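I opened a fresh page for this one and kept my notes short. Here is what I looked up, in the order I went through it.

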Amino acid sequence: MTGLSLVLATALGTLVEQRSDVAAAAAALEQMQRRQVGDGMAAATTAHASPFLEGATVTVAGAGLVERVAGSVIQSGGKILSTQLDVPNAPARAGSVTMIASCEVDQPQLQQILYDLEAGMPLLVVDQLAVQAAVAGGRPGTEKLQVRLAVSGQWRGAK
């Protein structure tokens, strides 16, 4: 009887350990799936793997930059308030395209947006970031942040 109890206790211990391992693996899988959904925009832009802004003209490349930044903000649940495109004529900055976006986002989404922009393709750099708490108009903790982003990328010119 003692031998049977010992075997049963060992089997139950192994079963509990395996269940714990399965729960940990399920949690890790869920976290990876959330990260994959959050990185959806970065993954989509990484597919073509060009580090440069695409477009036949610098204006088209700039429109692509605006679309990329706005898409990241909207995908994260934010709202674009305004955008401004800066295409310099100076030869020293030829090929550099910068845009400024004003938007409203929740605090947790801001990190996701920044990661999405800087980790994906084309290679983009957040040159400036200004964050201001929005005027409280609702429940505590529901205020959006007013964010102003200056984002730049390189356009290599017409092919």
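What does the accessible surface of the protein chain come to, and what percentage of it belongs to carbon and sulfur atoms? I get about 10,200 Å², with 60% belonging to carbon and sulfur atoms. Accessible areas here come from the Shrake-Rupley method with a 1.4 Å probe, and for residues only the protein chains shown count as cover.

**Ground rules.** I am working on a predicted model, where local features need pLDDT of at least 70, side-chain atom pairs count only at pLDDT 80 or more, and totals for chains, interfaces and linings use all residues. Residues are numbered from 1 along each chain as its sequence is written, and side-chain values use heavy atoms, with hydrogens and water left out.

**Overall layout.** I find 4 helices and 4 strands in the protein chain. Helices (H or I, at least four residues) and strands (E, at least two) are DSSP runs, numbered from the N terminus. Read from the N terminus, the order is α-α-α-β-β-α-β-β. Of the 159 residues, 30% are buried; I use buried for under 20% relative accessible area, exposed for over 50%, and partly exposed in between (1.4 Å probe, protein chains only). Among contacts (heavy atoms within 4.5 Å) with a separation of 6 or more, 66% join residues 24 or more positions apart.

**Helix H1.** I looked for nonpolar surface and found a patch of Leu8, Leu12 and Leu15, with about 310 Å² of accessible area together. A patch takes residues with over 30% relative accessible area and no salt bridge, joining like charges within 9 Å and nonpolar side chains (Val, Leu, Ile, Met, Phe, Trp, Tyr) within 5 Å. Leu15 belongs to helix H1, residues 2-38, and counts as exposed because its relative accessibility is 52%. A reminder to myself: an α-helix has 3.6 residues a turn, so residues three or four places apart point the same way.

**Helix H3.** How far apart are the end C-alpha atoms of helix H3? They are 25 Å apart, which agrees with the 26 Å that its 18 residues (58-75) should span at 1.5 Å a residue; the expected span is 1.5 Å times one less than the number of residues. The buried residues in H3 are Ala61, Gly62, Leu65, Val66, Arg68, Val69, Ala70, Ser72 and Val73. Past the helix comes Gly77, with a positive phi near 100 degrees. Ser76 sits in the loop between H3 and strand E1 (79-86). Is Ser76 buried or exposed? Ser76 is buried, because its relative accessible area is 10%. Not counting residues up to four places away in sequence, Ser76 touches Gln109, Gln112 and Ile113.

**Strand E4.** This strand covers residues 145-154, and 7 of its 10 residues are buried. Which strands pair with E4? Strand E2 (residues 96-105) runs antiparallel to E4, joined by 10 bridges, and strand E3 (residues 124-133) is antiparallel to E4 over 9 bridges. Two strands pair if DSSP finds at least two bridges between them. On the E2 side, I note Val105 opposite Leu145; Ala130 stands opposite Arg148. Arg148 is partly exposed, with a relative accessible area of 42%. Leaving aside neighbours within four places in sequence, Arg148 is in contact with Ile100, Ala101, Ser102, Gln128, Leu129 and Ala130.

**Salt bridges.** My search of the whole structure gives 4, where a salt bridge is a side-chain nitrogen of Lys or Arg within 4 Å of a carboxyl oxygen of Asp or Glu. I wrote down three pairs, with their closest N and O atoms:

- Arg156 and Glu54 are at 4.0 Å. Arg156 lies in the segment after E4 and Glu54 in the loop between helix H2 (40-46) and H3, so the pair ties together parts 102 residues apart in sequence.
- Glu104 and Lys79 are at 3.9 Å. This pair links strand E2, which holds Glu104, to strand E1, which holds Lys79, 25 residues apart.
- Asp106 and Lys144 are at 3.5 Å. Asp106 is in the loop between E2 and helix H4 (107-119) and Lys144 in the loop between E3 and E4, 38 residues apart.

Last check: Asp106 is partly exposed at a relative accessible area of 27%, and Lys144 is partly exposed at 26% relative accessibility.
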